[in-house]
Amino acid sequence: MTDYKNTKKWFLLSVAATALLLIPRRSSRKDNTKIVSNHDTVSESSINDARENAASK
């Protein structure tokens, strides 16, 4: 009976520890919700130039 209780205790402890690791902290949740508004755009001509340069090498 003691072995069963000990096993159950360690199992529940490991489940709780895993749950705490999987739940993101509040600060990281805020970082993940930032909206990126500063996109660099690449023109079609620069893509074609890069393809031509790669093909000529």
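## A polar contact in the first helix

A polar contact is a pair of N or O atoms within 3.5 Å, in which, within protein, one atom must be able to donate a hydrogen and the other to accept it. In this predicted model, such a pair involves Asp3 and Thr7: a polar atom of the Thr7 side chain lies 2.7 Å from the backbone oxygen of Asp3.

Thr7 belongs to helix α1. The relative accessibility of Thr7 is 53%, and exposed means over 50%, so Thr7 counts as exposed.

## Overall fold and confidence

The protein contains three helices and zero strands. Along the sequence, these elements give the pattern α-α-α.

The mean pLDDT of the protein is 76, and 63% of the residues reach 70 or more. Among the elements, helix α1 has the highest mean pLDDT, at 89, whereas helix α2, formed by residues 26–32, has the lowest, at 56.

## Surface and burial

The accessible surface of the protein amounts to about 6,000 Å². Carbon and sulfur atoms account for 58% of this area. The protein has 57 residues, and 0% of them count as buried.

## A nonpolar patch

Three residues, Phe11, Leu12 and Val15, form a nonpolar patch on the surface. Together they present about 290 Å² of accessible area.

One member of this patch, Phe11, is located in helix α1, which covers residues 2–22. Phe11 has a relative accessible area of 52%. The limit for the exposed class is over 50%, and therefore Phe11 is classed as exposed.

How values were computed
Residues are numbered from 1 along each chain as its sequence is written. This is a predicted model: local features need pLDDT of at least 70, side-chain atom pairs count only at pLDDT 80 or more; totals for chains, interfaces and linings use all residues. Side-chain values use heavy atoms; hydrogens and water are left out. Patches are made of residues with over 30% relative accessible area and no salt bridge: like charges are joined within 9 Å, nonpolar side chains (Val, Leu, Ile, Met, Phe, Trp, Tyr) within 5 Å. Accessible areas come from the Shrake-Rupley method with a 1.4 Å probe; for residues, only the protein chains shown count as cover. A salt bridge is a side-chain nitrogen of Lys or Arg within 4 Å of a carboxyl oxygen of Asp or Glu. Helices (H or I, at least four residues) and strands (E, at least two) are DSSP runs, numbered from the N terminus. Buried means under 20% relative accessible area, exposed over 50%, partly exposed in between (1.4 Å probe, protein chains only). pLDDT is the predictor's confidence in each residue, from 0 to 100.
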